[in-house]
Amino acid sequence: MSKILLQVEDLCTSFFTRAGEFKAVDGISFYVHEGETFGLVGESACGKTVTGLSILRLLPEPAGRIVGGKIILDGTNLMELSKKEMRAYRGKMISMILQDPMTSLNPVYTVGNQIGESVRLHQGLRDDKVEDEVISALRLLRIPAPEMRIRDYPFQMSGGMRQRVVGSIAMSCRPRLLIADEPTTALDATIQAQYIALFKDIQKQTDVAIIFITHDFGVVANICQRVAVMYAGKIVETAATSTIFKAPKHPYTSALIHSVPRLDRKDDRLYSIEGQPPSLLDLPPGCRFAPRCPDVQEICHKQQPPIVEISDGHSVSCWKVK
Amino acid sequence: MTRFIIIRLLQAVVAIIGIAVMVFFLVRAAGDPLELLKNPNMTEGQYEAMKVRLGLDKSYGEQFIVYMGDLAQGDLGTSLLKQRPVIDMIKESLPNTLKLTLPAFAIGMTLALALGVLAATRRDTFWDQGVKFMAILGQALPGFWVAIMAVLVFAVYWQILPVAGMATPAHYVLPVGTMVFFTLPGMMRLVRSSMLDVLESEYVKLARIKGLPEKTVIWKHALRNALITPLTTLGLIIPGLVLGAVITETIFNWPGMGRMIVEATFARDFTVVQAITILTAVMVLGINLLVDISYAYVDPQIRYEKS
């Protein structure tokens, strides 16, 4: 197995509002190997995106704050960097792709300008070289006729093309780590499959590590080597993708996998998990999934389950597992 | 773009003709200027001669035809009261009005931009509260009252600034300040709220993800988008500036077009009122056209739709 690129240890991120402290991410740990795709899965508001933004140290200020933990990228603890040093990491070492391609590009600047800006900033190139780099970034994402498209504005492009441009911006300085925050959710199914295939290919070419944030286990099966399942700010299970599908140990993981619609099963209706995730302002003292769990025991309501490594690389946080 | 400009110019011509017709009848509804021009010592013959000389012996219909005909040839007529070509009077007063409105506009817009951005980027801090307070105060207090109070404080009590006139740079401080007061608060609030919207956007987030320094994020990525809304309302601010000039010039005895139209209205000097109204309309429409063109410059989407 290749080297560990990113190590997140006991990360806690909170939002401080008038209503109180929202513990959006509450003590999560995981690692990502070089050149690997690591899935971060869970339903809306479970803390996936906040985890991504925490790694970049770009939480919405002043409400959002990292209150504890370490984020170690290639031996450097990002938490200890100054603001300026952190800025030099963004876009160069770590990049991120946002969910909605229709809103994540600036409408008043050309595509070439928006990609070139990153290139100029991090690589310190002269103007004529910048254009070459921009074209090569567009080519990496297989955008047709890149020489023509650099003078286009985002509104002249389709959603799928725009998301490729966002990908070009992210990959323009060949980062070591790419955080992809539901990059395919806003795209339609065929474009989605193309985009994922494209990223598998880019990963082969550049050896970039990807944290793939999604709620869709179908997408996970397609691209991720390993996956962590998040629920209400905590990671409940981490394993290799094949293990997760074959032998999920946490009831929440099983339920999530079970709720993926499948063509080879004849279900009358889609499976759904009863109830709602707990409020992050008022978390239960025990396991956070206990109120919705089909296998709940008495201890689940009282005490938080520890994280247990049941086999190599497979860890679960559930009282059922010992 | 050329097609768009031609269409807008044609629309402007129609609007100006409409305004010319309206102002012709409205000034005549204000009363008969002959009552004010009549001298008790005049003989009946002298009075009749004056009527003929001013062209007021003709019916409204005939007067209207002469007026529109002259206008079509660019002739704005002769002042009933002063017996001088109106165009000469405007040539004297327009530069004075511009000396007041242009600096006021430049200062007002620069401050609105700077303070609006300051407030938005330091949301809910002391700076933001200060800007919000100033904006509310500025919009709630009537401009003419503030101008008079400023004269009272700066010119009468402290005597550090002159009361009226336009002789030295110090004479400009209070009138320009008053004009700024008419335009700044609304624009400042607009820049602030528009900037706040844009700062929440995904592309600003992406700009930060790229590792750009905060000043590039704000002045390059956010501001240009945040300007689109204030720019559209710039066209609405221009009439406010005209109104501000009328009030300010009257208070500070400033020999500009604003004061001229007030005096002409009281004197029922039809030709002067008509000429200034039409000229103001031309300027407002012209500036609006410029605003629309600059709008297309800021927002490429509009540029492409119109070409």
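Colleague: How many residues of chain B are in contact with chain A, and what makes a contact?

Modeller: 22 residues of chain B are in contact with 28 residues of chain A, where contact means heavy atoms within 4.5 Å. Please keep in mind that this is a predicted model, in which local features need pLDDT of at least 70 and side-chain atom pairs count only at pLDDT 80 or more, while totals for chains, interfaces and linings use all residues. Residues are numbered from 1 along each chain as its sequence is written, chains are lettered from A and ligands numbered from 1 in the order in which they are written, and side-chain values use heavy atoms, with hydrogens and water left out.

Colleague: What area do chain B and chain A bury between them?

Modeller: The two chains bury about 2,300 Å², with 62% of it on carbon and sulfur atoms. Buried area here is the accessible area (1.4 Å probe) that two parts lose on being put together, summed over both. On the chain B side, Leu206(B), Ile209(B) and Lys210(B) supply 29% of what chain B buries against chain A, more than any other three residues.

Colleague: Why is the pair Glu117(A) and Lys220(B) called a salt bridge?

Modeller: The term asks for a side-chain nitrogen of Lys or Arg within 4 Å of a carboxyl oxygen of Asp or Glu. In this pair the closest N and O atoms are 2.8 Å apart, so the pair meets the rule. Across the interface of chain B and chain A, the rule finds two salt bridges.

Colleague: Which helices of chain B each supply at least two residues of the side that touches chain A?

Modeller: They are α9 (202-209), α10 (214-226) and α14 (300-306) of chain B. Helices (H or I, at least four residues) and strands (E, at least two) are DSSP runs, numbered from the N terminus. The most comes from α9(B), with six residues.

Colleague: How many helices and strands does chain B have?

Modeller: Chain B has 14 helices and zero strands. Its C-alpha trace spans about 85 × 55 × 30 Å along its principal axes.

Colleague: Now to single residues: why is Thr184(A) called buried?

Modeller: Buried means under 20% relative accessible area, exposed over 50%, and partly exposed in between (1.4 Å probe, protein chains only). Thr184(A) has 4%, so buried is the right word. Thr184(A) sits in the loop between β7 (177-181) and α7 (189-206) of chain A, and touches Gln192(A), Tyr195(A), Ile196(A) and Val219(A), leaving aside residues up to four places away in sequence.

Colleague: What makes Asp10(A) partly exposed?

Modeller: Asp10(A) has a relative accessible area of 45%, which falls between the two limits and is therefore partly exposed. Asp10(A) lies in strand β1 (residues 4-17) of chain A and has a positive phi of about 50 degrees although it is not a glycine.

Colleague: What is notable about phi and peptide bonds in general?

Modeller: Most residues other than glycine have a negative phi, and most peptide bonds are trans. Gln159(B) also has a positive phi, about 55 degrees. With a relative accessible area of 61%, Gln159(B) is over the limit and so counts as exposed. The peptide bond from Glu61(A) to Pro62(A) is cis, with omega near -5 degrees, and Pro62(A) is found in the loop between α1 (48-55) and β4 (64-73) of chain A.
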